[in-house]
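User: Could you pick one part of this model and take me through it closely? I would like to see how that part is put together, and then how the rest of the chain relates to it.

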Amino acid sequence: MAKRSAAKAVRLTCPKCMAAFTVVAFLSGSVDKEAYYQQRAGEHDCTAHAKMLSSGNGEGIKNPLKASKAAAKAR
Ligand SMILES: [Zn+2]
């Protein structure tokens with residue numbers, strides 16, 4: 001059974017800030033994938049991404065769920 005469109009997670013690289021990020025693409029048969037991916041890559045929120053990076057301060061993003069679990073264990 002062939003679906004006409006499928007949701008697919010694709011890795012894109014932002015042409016402006018060079019960040020790699022994942023988007024969920026909805027592709028149907030007649031869509032030009034390359035053009036679609038380029039368009040989605042151009043929609044990257046560079047400001048939000050830069051904020052996210054700077055808030056990590058080089059340490060990377062901590063998993064808040066893991067951190068709270070560790071805190072609960074320590075008690
Ligand atoms: Zn960007």
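Analyst: Happy to. A useful starting point is that two strands count as paired if DSSP finds at least two bridges between them. The model is a predicted one, and the part I have picked is the hairpin of β1 and β2.

Strand β1 covers residues 5-13 and strand β2 covers residues 20-28. The two run antiparallel, with nine bridges joining them. You can follow the pairing at two places: Ala 6 has Leu 27 as its bridge partner in β2, and Val 10 stands opposite Val 23 in that strand. Neither strand is well covered. Among the nine residues of β1 the count of buried residues is zero, and for the nine residues of β2 the count is zero as well.

Now for the turn. Six residues lie between the strands of the hairpin, and Met 18 is found in this loop. Its backbone deserves a look: Met 18 has a positive phi of about 65°, although it is not a glycine. As background, most residues other than glycine have a negative phi. Met 18 has 9 C-beta neighbours inside 10 Å, so it counts as exposed; the cut-off for that class is 12 or fewer.

At the other end of β2, the chain enters the loop between β2 and α1, where Gly 29 has its place. Gly 29 also counts as exposed, because it has 9 C-beta neighbours inside 10 Å. From Gly 29 you can look back to Ala 6: they are 23 residues apart along the chain, and their C-alpha atoms are separated by 9.4 Å.

The turn region has a link to a later part of the chain too. Cys 46 lies in helix α2, which spans residues 46-56. Setting aside residues up to four places away in sequence, Cys 46 touches Cys 14, Lys 16 and Cys 17. Ala 19 can be added as a distance: Cys 46 and Ala 19 are 27 residues apart in sequence, and their C-alpha atoms are 8.3 Å apart in space. Cys 46 has 13 C-beta neighbours inside 10 Å and therefore counts as partly exposed, a class that sits between 12 or fewer for exposed and 20 or more for buried.

Stepping back, the protein has three helices and two strands, in the order β-β-α-α-α along the sequence. Of its 75 residues, 1% count as buried. Among contacts between residues at least 6 apart in sequence, 43% join residues at least 24 apart.

Finally, a word on confidence. The average pLDDT of the protein is 82, and 79% of the residues score at least 70. Helix α1 (residues 33-42) has the highest confidence, at 92, while helix α3 (residues 64-74) has the lowest, at a mean of 72. In general, where pLDDT is low, the predicted coordinates should not be read in detail.

Key:
Residues are numbered from 1 along each chain as its sequence is written. This is a predicted model: local features need pLDDT of at least 70, side-chain atom pairs count only at pLDDT 80 or more; totals for chains, interfaces and linings use all residues. Helices (H or I, at least four residues) and strands (E, at least two) are DSSP runs, numbered from the N terminus. Two residues are in contact if their C-beta atoms, placed from the backbone, lie within 7 Å. pLDDT is the predictor's confidence in each residue, from 0 to 100.
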